[in-house]
Amino acid sequence: MALLISLLLSCDRNHQLQDQKAIKIIYDTDMGNDTDDILALILLHNYVDLGMVDLLGVGTSKDHPYSAPYIDLVNTWYKHSDIPIGVVRNAPTVDSIMAIPRYLTTVVDLEEEGEVVFKRSIRDYGALMPADLLYRKLLAAAPDHSVVMISVGMYTNLAHLLETGPDKFSELNGRDLVIQ
């Protein structure tokens with residue numbers, strides 16, 4: 001119910017926000033532990049449709065084979081398949097503490113007559129860019145002080161970002177790039 005009220009309030013205020021610039025957001029999520037990540041991603045997609053948000057990219061800090069496909073199917077469902085997805089690399093897993101909920105695997109694997117029900121746009125999830133490098137690329141391309149980073153879950157990707165050095169995207173190290 002709270003989600004519905006939030007969406008209705010957002011739609012009602014849309015006419016007041018027409019002249020404001022969309023907030024540039026990078027969303028980092030441990031997609032798969034529980035539903036807060038999914039609801040946040042759905043809200044972000046709705047805000048994109050309302051022109052309130054420019055979702056630059058989504059990264060998963062959950063090292064699990066269902067995390068990126070789920071993000072992809074949500075992006076595809078909302079017709080935002082152009083939003084890049086980054087994945088965590090070399091991260092400790094917490095599956096022994098928090099297993100992937102059944103709803104995530106059920107939605108990703110759902111088939112009717114041998115065809116997946118929820119289409120996806122990415123063919124090879126193994127080829128996705130590491131999230132920390134995706135964040136470097138997105139931050140380096142954005143104007144200074146123009147990006148908001150939202151993290152729901154583990155901070156692994158953000159920690160990796162802060163530890164990065166200069167590369168092809170920016171001559172700044174990760175810490176300085178985030179500050180900029």
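Contact here means heavy atoms within 4.5 Å. With that in hand, here are the legends for several close-up views of this predicted model.

**View 1. His160 and the residues around it.** Let's start with a single side chain and its surroundings. His160 has its place in helix H6. Leaving aside residues up to four places away in sequence, His160 touches Arg89, Asn90 and Asp132. Gly174 lies 14 residues from His160 in sequence, and the two are 8.3 Å apart in space, C-alpha to C-alpha.

**View 2. Helix H5 against helix H6.** Asp132, one of the residues touched by His160, brings us to this pair of helices. Helix H5 covers residues 131-141 and helix H6 covers residues 156-163; their axes come within 8 Å and cross at roughly 60 degrees. Angles under 35 degrees count as roughly parallel, over 145 as roughly antiparallel and 65 to 115 as roughly perpendicular, with the rest called oblique; H5 and H6 are therefore oblique to each other. The crossing in which H5 passes H6 is right-handed. On the H5 side, look for Ala131, Asp132, Tyr135, Arg136 and Leu139, which meet Asn157, Leu158, His160 and Leu161 of H6. Sorted by class, this contact has five nonpolar, two polar and two charged residues.

**View 3. The largest pocket.** How much space lies in the largest pocket? The volume comes to about 190 Å³. A total of 13 residues line this pocket, and the closest to its centre are Leu139, His145, Leu177, Val178 and Gln180. Leu139 may be familiar from View 2, where this residue of H5 takes part in the contact with H6. At least two lining residues come from each of H5, strand E6 (147-152) and helix H7 (174-179). By class, the lining divides into eight nonpolar residues, four polar and one charged.

**View 4. Helix H3 against helix H4.** Now we move to another pair of helices. Helix H3 spans residues 67-77 and helix H4 spans residues 102-109, with axes that come within 10 Å and cross at roughly 60 degrees. That angle makes H3 oblique to H4. Is the crossing of H3 and H4 left-handed or right-handed? The crossing is left-handed. Pro69, Tyr70 and Leu73 are the H3 residues to find here, and they meet Leu104, Val107 and Val108 in H4. The contact of H3 with H4 has six nonpolar residues, no polar and no charged ones.

**View 5. Helix H2 against helix H3.** H3 returns in this last view, with another partner. Helix H2 (residues 36-49) packs with H3 at an angle of about 30 degrees, and their axes are 10 Å apart. H2 and H3 are therefore roughly parallel to each other. Their crossing is right-handed. From H2, the residues Ile38, Leu41 and His45 meet Tyr70, Ile71, Val74 and Asn75 of H3. This contact has five nonpolar residues and two polar ones, with no charged residues. Tyr70 is worth a second look: this H3 residue takes part in the contact with H2 and also in the contact with H4.

Conventions:
Residues numbered from 1 in each chain as written. Predicted model: local features only at pLDDT ≥ 70, side-chain atom pairs only at ≥ 80, totals over all residues. Heavy atoms only, no water. Axes fitted to C-alpha atoms, helices over the stretch in contact; angles between N-to-C directions. Helix = DSSP H or I, 4+ residues; strand = E, 2+ residues; numbered from the N terminus. Left-handed = near helix turned anticlockwise from the far one by under 90°. Nonpolar A, V, L, I, M, F, W, Y, C, P; charged D, E, K, R; others polar. 1 Å grid on protein atoms, 1.4 Å probe; cavity = no way out; pocket = protein on both sides within 12 Å on 5 of 7 lines; lining within 4 Å. Points joined across faces, edges and corners; volume = space filled by probe spheres on them.
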